[in-house]
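Student: I am new to this structure and would like a close look at one part of it. Could you take me through the salt bridges, and then show me some other places worth finding in the viewer?

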Amino acid sequence: MYQSKQQLTIQTNALPIQDSSASVQVDQKETSVVGMQNGGNPQAEAFIYHSKRLQDDLQTLGLKIKLHEDHIKLLKSQGNKLDDSILESQVILGKYHSSSGPKTENENHFSLQSEEETTGQILQHEKSAAGVFCKLKTRHGSQASHLQSTKDVLGIVASLGIVEDENLSRIFSEYLGLDNMLAIVCKTYEGVKALETYDQEGYIIKSSGLHGLGASIGRTIDDRFLVICLENLRPFAGEFVVDDPQRRLDILKPRLPNGESPPGFLGFAVNMIDVESKNLFCVTASGYGLRETLFYNLFSRLQVYRTRAEMLLALPLISDGALSLDGGIIRSTGVFYLGNRQDIDVRFAKSSGMLNKPDYYAATERQIQEMKWKKENLMDDLKRETSLWKSAKDSFERKKEELLKFLADSATYASQVGNNLLIHLSCSRKIYAGCCTREIDAKMILTKNQVDSLTTKKWEA
């Protein structure tokens, strides 16, 4: 003879989960279901299975939240260490400047006069995008780099390179042309999109982007303008010249059958541009500098010769164009540029020689640039990790509500079965919120007489 009630007990494991920004641990001590008099109940088994599945989902989400929180803590710690290291390196450079005394005339010429000359030439093109950008820089200084529309702009092509003499500046500017010399250089495609926005009809919104900034200073941009996106350029795939502080590209030189370079060959244009040390490393998110991205895409393997005659003699060895100091230009294989020389009024800055700084100075500048690059990438990782953490936390809250609703809805099921079924749930929850701890003990015994009170009971979370 069977007993009037037959008890079926299900044991579940401890369930570690996460709630909000701190740990939440749920210990499911016991879940027992009392079956119907004549054996197992498929509906009760389905209830147990679904409850266990929801608890497993909560456990998985809780572990994800904990993992993201650990990553966020680690990224913040690494960011603080980088800030300290950057500050220490900047102090080293500051000590050098304070101990070296006032700048000489040549140093001022290198760092100030050439840049001012180039900026003045760009400003002559008042209605160009480059002219508007330079006008903003002269008015607002470093604040221009924080404006939403221009914060990703690295500069104008003409202002990002320095050459040794007037003739090189002139011939390089003529080869590139005015549009390229006035091109705006952005680090990312997001920066390109910020410069110009459009309405639903495809027309330019003149009140936003660089157009809006130009209007605010009384300048309008009438013509098209070039924008170069560094992250979308294909960088030079080779190596750099060993121990070269300017990180010149190690490009194979043209060779005659006897193994010698052709007469008059001076080098490659991409290596005859000097780049500021801050732009030699880690300008892009991938760690590339301006030489292997911007200037390599502008000049490629363009060769430079002393005279036109020597350039033409080396024609079989020229694959990507060539220049001569007396005005000869070969655009590409089979394409020659003839006629009188064109004087482009925007040119690269000229220097009277690089500064005689100690060896550690360039190395320290490189370290600072690399650390800043790492910090930018780390902040991107932190932003992404925080977004994933918020998403996991939201999913956890939704799943928790689903579980509690399911438990409450089970009261309706118990009501329908009546006295023939007894469901007993017992759980103990500990919620850790910062340094405060509160415990929630909840117990439900579902019988026919308790259904009404249980369905209206509010569960704390």
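**A close look at the salt bridges**

Tutor: Happy to. Let's begin with a residue that sits outside the salt bridges: Leu-315 is partly exposed, since its relative accessible area is 34%. Please keep in mind that this is a predicted model. You will find Leu-315 in the loop that runs between helix H8 (308-313) and strand E10 (322-324). Together with Leu-312, Phe-336 and Leu-338, Leu-315 makes up a nonpolar patch on the surface, and the four share about 390 Å² of accessible area. Membership in such a patch calls for over 30% relative accessible area and no salt bridge, and the 34% of Leu-315 is over that cut-off.

Now to the salt bridges themselves. How many does a search of the whole structure find? The count is 19. We can visit a few of them one by one.

Start with Lys-350 and Glu-117, whose side chains meet in a salt bridge with an N to O distance of 3.6 Å. This pair links distant parts of the chain: Lys-350 belongs to strand E13 (residues 349-350), Glu-117 belongs to helix H2 (residues 105-123), and their positions lie 233 residues apart in the numbering. Are the two partners buried or exposed, or something in between? Lys-350 is partly exposed, with a relative accessible area of 22%. Glu-117 is partly exposed as well, at 32%.

The next stop is the salt bridge between Glu-166 and Arg-347, where the closest N and O atoms are 2.1 Å apart. Glu-166 lies in helix H4 (residues 166-181), while Arg-347 is in the loop between strand E12 (335-337) and E13, so this pair ties together parts that are 181 residues apart in sequence. Here the partners fall into separate classes of accessibility. Glu-166 counts as partly exposed at 36% relative accessibility. Arg-347 counts as buried, because its 14% is under the 20% cut-off.

For a salt bridge within a single helix, turn to Lys-399 and Glu-402, whose side chains meet at 3.4 Å, N to O. Both are in helix H9 (residues 359-417), and because they are three residues apart there, about one helical turn separates them. Lys-399 is buried, with a relative accessible area of 18%, whereas Glu-402 counts as partly exposed at 35%.

Some of these residues also belong to a wider arrangement. Salt bridges with shared partners join Glu-117, Glu-166, Asp-343, Arg-347 and Lys-350 into one network. Try selecting those five residues together, and you will have both of the long-range pairs we visited on screen.

With the salt bridges in view, let's move to how two helices pack. Two packed helices are described by the angle between their axes and by the distance between the axes. Helix H3 (residues 129-140) packs against helix H6 (residues 209-216) at an angle of about 60°, and their axes are 10 Å apart. That angle makes H3 oblique to H6. The crossing in which H3 passes H6 is left-handed.

Two pairs of positions show how parts of the chain come together in space. Lys-66 is in helix H1 (residues 42-100) and counts as partly exposed at 34% relative accessibility. The C-alpha atoms of Lys-66 and Trp-389 are separated by 8.7 Å, although these residues are 323 residues apart along the chain. In the second pair, Gly-155 and Leu-182 are 27 residues apart in sequence, with 9.6 Å between their C-alpha atoms. Gly-155 lies in strand E4 (residues 153-156) and is buried, with a relative accessible area of 4%.

Finally, look at the backbone of two loop residues. Which phi values do Arg-247 and Ser-300 have? Arg-247 has a phi near 50°, a positive value in a residue other than glycine. Arg-247 sits in the loop between strand E7 (227-229) and strand E8 (265-268), and is buried at 15% relative accessible area. For Ser-300, phi is near 55°, again positive in a residue other than glycine. Ser-300 is in the loop between helix H7 (291-299) and strand E9 (303-305), and it is partly exposed, with a relative accessible area of 23%.

Definitions and conventions
Residues numbered from 1 in each chain as written. Predicted model: local features only at pLDDT ≥ 70, side-chain atom pairs only at ≥ 80, totals over all residues. Heavy atoms only, no water. Patch = residues over 30% accessible without salt bridge, like charges linked within 9 Å, V, L, I, M, F, W, Y side chains within 5 Å. Areas by Shrake-Rupley, 256 points an atom, 1.4 Å probe, with all protein chains shown as cover. Helix = DSSP H or I, 4+ residues; strand = E, 2+ residues; numbered from the N terminus. Buried < 20%, exposed > 50% of the residue type's maximum accessible area, 1.4 Å probe, protein only. Axes fitted to C-alpha atoms, helices over the stretch in contact; angles between N-to-C directions. Parallel < 35°, antiparallel > 145°, perpendicular 65-115°, else oblique. Left-handed = near helix turned anticlockwise from the far one by under 90°.
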